Amino acid sequence: MKRKTRKRRTSLYLVMLVIGMFLTTLIVQGVNLRANCQKLSTERAELEEKKKNLEKEREEIQEEAAYRKTDKYIEDVAREKFGLVYDNEIIFKAEDAE
């Protein structure tokens with residue numbers, strides 16, 4: 001009779017040990033998943049911010065490209081780089097301060 005009780009008790013302890021190990025594994029995995037989720041959430045926010053910045057940069061590049069196709073751009077470059085002016089314009093130059 002004692003052997004049967006002892007055998008049941010040993011079986012019960014074994015089952016409790018297996019359940020305890022299972023619960024411990026479940027808790028550890030849950031913690032790891034939560035940390036991984038938080039990391040991915042932070043990474044997603046950073047990528048969304050980077051995406052906004054890249055879209056803004058793309059718009060600026062498109063605006064610059066559109067501006068470069070205009071006559072105003074050609075005129076500005078001619079004035080700035082080559083010093084060209086219209087016939088009826090007068091150029092005033094400041095004396096060099098030394």
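**Exercise 1.** In which helix is Glu-59 found?

Solution. The model is a predicted one. Step one: look up the residue range of helix H1, which covers residues 2-68. Step two: place Glu-59 in that range; Glu-59 belongs to helix H1.

**Exercise 2.** Is Glu-59 buried, partly exposed or exposed, and which residues gather with Glu-59 in a patch of negative charge?

Solution. Step one: take the relative accessibility of Glu-59, which is 45%. Step two: apply the cut-offs, where buried means under 20% and exposed means over 50%. Glu-59 therefore counts as partly exposed. Step three: turn to the patch. On the surface, Glu-59 gathers with Glu-55, Glu-57, Glu-60 and Glu-63 in a patch of negative charge.

**Exercise 3.** Find how far apart Glu-48 and Arg-44 are, both in space and along helix H1.

Solution. Step one: check the closest N and O atoms of the two residues, which are 3.2 Å apart. A salt bridge needs a side-chain nitrogen of Lys or Arg within 4 Å of a carboxyl oxygen of Asp or Glu, and Glu-48 and Arg-44 form one. Step two: go along the helix. The two residues are four apart in helix H1, so about one helical turn separates Glu-48 from Arg-44. Step three: compare each residue with the cut-offs. Glu-48 has 41% relative accessibility and is partly exposed, whereas Arg-44, at 57%, is exposed.

**Exercise 4.** Describe the salt bridge of Lys-72 with Asp-76.

Solution. Step one: the closest N and O atoms of this pair are 3.2 Å apart. Step two: both residues lie in helix H2, which covers residues 71-82. Because Lys-72 and Asp-76 are four residues apart there, about one helical turn separates them. Step three: Lys-72 is partly exposed at 48% relative accessibility, and Asp-76 is partly exposed at 24%.

**Exercise 5.** Which parts of the chain does the pair of Glu-89 and Arg-79 link, and which residues make up the network of salt bridges with them?

Solution. Step one: the side chains of Glu-89 and Arg-79 meet in a salt bridge, with 2.8 Å from N to O. Step two: Arg-79 sits in helix H2 and Glu-89 in the segment after H2, ten residues apart, and the pair links distant parts of the chain. Step three: Glu-89 has a relative accessible area of 31% and Arg-79 one of 32%; Glu-89 is partly exposed, and Arg-79 is also partly exposed. Step four: add Glu-75, which is linked with Arg-79 and Glu-89 in a network of salt bridges.

Key. Residues are numbered from 1 along each chain as its sequence is written. This is a predicted model: local features need pLDDT of at least 70, side-chain atom pairs count only at pLDDT 80 or more; totals for chains, interfaces and linings use all residues. Side-chain values use heavy atoms; hydrogens and water are left out. Patches are made of residues with over 30% relative accessible area and no salt bridge: like charges are joined within 9 Å, nonpolar side chains (Val, Leu, Ile, Met, Phe, Trp, Tyr) within 5 Å. Accessible areas come from the Shrake-Rupley method with a 1.4 Å probe; for residues, only the protein chains shown count as cover. Lys and Arg count as positive and Asp and Glu as negative; His and the chain ends are not counted. The place of a charge is taken as NZ of Lys, CZ of Arg, CG of Asp or CD of Glu. Buried means under 20% relative accessible area, exposed over 50%, partly exposed in between (1.4 Å probe, protein chains only).
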